[in-house]
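Please look over the sequence and the model shown here before reading on. The paragraphs that follow move from a single charge and ring to the sheets, the cores and the aromatic pairs.

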Amino acid sequence: MKMILRVIVQMDFEVLLQQARIAYYKDFEMKKLTTFKIGGKAKYLIYPKNEEELKKIVFFSKECDVDVCILGNCSNVLISDMGFDGAIILTVLMNGFSLEHTKVWCQAGCMLSNIAKICCEEKLTGLEFAVGIPGTVGGAVYMNAGAYGMEIKDVFYQAEVLDENLQVRILTKDDMNFSYRYSCLHDNNYIVLKAFFLLRTCQDNVSPIENARMLNEKRREKQPLNFPSAGSIFKRPEGHYAGKLIEDGGFKGYKIGDAAVSEKHAGFIINYGNAKAEDVVKLIIEIQKRVYEKFGILLEPEIKFVGHFDMQPLKNIER
């Protein structure tokens with residue numbers, strides 16, 4: 001009986017999407033889209049073209065009891081091998097932006113790297129660190145993305161979000177409660193619609209374009225960009241570097257299946273070709289255990305886990 005009811009619910013969701021003329025994919029292999037090249041099938045994959053479509057999709061999902069996961073460029077995520085039994089919504093078509101003096105307005109689906117490049121070309125400084133970050137503005141705001149000592153909070157002005165009642169709210173910098181790889185969005189069901197950044201006109205001898213070029217060169221030298229990955233796997237523990245702790249724990253090059261700790265930068269887990277999500281999780285847990293045993297530091301994953309996993313990364317260790 002439960003199975004029959006679930007089929008009816010899913011059909012209703014599809015009917016609502018069709019009636020609203022919202023295109024969707026069924027049973028889509030997410031490994032085709034994730035930067036990790038890992039992930040099973042999403043029951044539904046939907047690209048809203050604008051905020052109204054996004055609101056409708058979320059409303060339909062609530063009415064039909066369909067789980068929803070909002071993603072941007074699938075760049076900081078590990079999706080289960082079993083996939084996601086619900087709707088994955090990708091915001092990348094919601095990519096309008098405008099620039100007025102030093103204030104940048106952009107929709108959640110804008111690629112952060114593209115916005116950063118445009119601002120550098122306009123001789124605005126503050127987003128140079130983001131030129132090599134492969135995520136969207138929405139994802140960057142959600143996790144307070146950063147690199148080379150700079151973070152989104154340093155240029156953030158305000159955001160428009162969709163709350164749990166499908167009402168638009170304005171969140172200021174104080175409202176966001178930013179800290180390292182954290183914002184208040186982690187603790188509620190708000191969805192970023194737009195973000196506003198406040199930059200500065202360049203006053204230094206080094207232009208923003210040149211500064212961005214130098215940072216990108218550092219990134220190419222130090223990071224394993226020639227292999228699929230989800231970026232840095234772990235947050236930086238206070239007073240330490242995750243990559244250094246992992247390297248000192250003897251993990252460089254360590255493999256489980258086709259998932260391996262990068263020889264180039266131990267803070268990255270890379271996919272040699274056919275890695276499974278479970279391989280990555282097992283590797284994460286082994287790293288966490290050994291680093292804790294050796295240094296007394298529990299590394300906390302930075303990436304987002306989507307779908308069901310038989311094993312979960314450690315959140316605490318009993319002393």
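**A walk through the predicted model**

The charged end of Arg290 sits over the ring of Phe251, 4.1 Å from its centre, where a charge counts as over a ring if NZ of Lys or CZ of Arg is within 6 Å of the ring centre and within 35 degrees of the ring normal. A second case is Lys32, which lies over the face of Phe28 at 5.8 Å from the ring centre. The model is predicted, so local features need pLDDT of at least 70 and side-chain atom pairs count only at pLDDT 80 or more, while totals for chains, interfaces and linings use all residues. Residues are numbered from 1 along each chain as its sequence is written, and side-chain values use heavy atoms, with hydrogens and water left out.

Consider next the sheets. Helices (H or I, at least four residues) and strands (E, at least two) are DSSP runs, numbered from the N terminus, and two strands pair if DSSP finds at least two bridges between them. One open sheet has four strands in the order S1-S2-S5-S3, with mixed pairing. Its edges are strand S1 (25–29) and strand S3 (68–71), each of which has a single partner strand, so one side of each is left without a neighbour in the sheet. On average, and with direction ignored, neighbouring strands of this sheet are turned by 40° against each other; axes are lines fitted to C-alpha atoms, for helices over the stretch in contact, and angles run from 0 to 180 degrees between N-to-C directions. S3 and strand S5 (residues 84–90) run parallel and are joined by four bridges, and Cys69 has Ile88 in S5 as its bridge partner. Across strand S2 (41–46), S3 and S5 lies helix H2 (residues 51–64), running at about 165° to S5.

Another open sheet, again of four strands, has the order S15-S18-S17-S16 and antiparallel pairing. Here strand S15 (229–232) and strand S16 (255–256) stand at the edges with a single partner strand each, so one side of each is left without a neighbour in the sheet. Two bridges link S16 to strand S17 (residues 259–261) in the antiparallel sense, and the bridge partner of Ile256 in S17 is Ala259. Helix H8 (residues 277–295) lies across S16, S17 and strand S18 (268–271), at about 30° to S17.

Strand S13 brings us to the interior. Seven of its eight residues are buried (under 20% relative accessible area, with exposed meaning over 50% and partly exposed in between, for a 1.4 Å probe and protein chains only), so S13 is largely enclosed by the rest of the structure. S13 pairs with S7 in the antiparallel sense over five bridges, with Cys106 facing Ala195 as its bridge partner in S13. S11 also runs antiparallel to S13, joined by six bridges, and the bridge partner of Val161 in S13 is Val192.

The largest nonpolar core (a set of buried Ala, Val, Leu, Ile, Met, Phe, Trp, Tyr and Cys residues joined through side-chain atoms within 4.5 Å) has 38 residues, and those with the most contacts inside it include Leu112, Ile152 and Phe197. Strand S7 (103–107), helix H3 (112–121), helix H4 (137–143), strand S11 (156–162), strand S13 (191–198) and helix H6 (208–222) each give two or more residues to this core, and H3 gives the most, with five residues. Leaving aside neighbours within four places in sequence, Ile152 is in contact (heavy atoms within 4.5 Å) with residues including Leu112, Val141, Asn144 and Phe197. Apart from this core lies another, of 28 residues, among them Leu245, Val280, Ile297 and Leu299.

Asn144 is found in the loop between H4 and strand S9 (146–147) and is buried, with a relative accessible area of 0%. Beyond residues up to four places away in sequence, Asn144 touches Glu151, Lys153, Phe178 and Tyr182, among others.

Finally, the structure holds nine aromatic pairs, where rings of Phe, Tyr and Trp (its six-membered ring) pair if their centres lie within 6.5 Å, and planes under 30 degrees apart count as stacked, over 60 as edge-to-face and the rest as tilted. The rings of Tyr25 and Tyr47 have centres 6.3 Å apart and planes at 80°, so this pair is edge-to-face. Tyr25 in strand S1 and Tyr47 in the loop between S2 and H2 are 22 residues apart, and their pair links distant parts of the chain. Tyr25 is partly exposed at 45% relative accessibility, and Tyr47 is partly exposed with a relative accessible area of 23%. Phe156 and Phe178 also form an edge-to-face pair, 5.1 Å centre to centre with 80° between the planes, and both Phe156 and Phe178 are buried.
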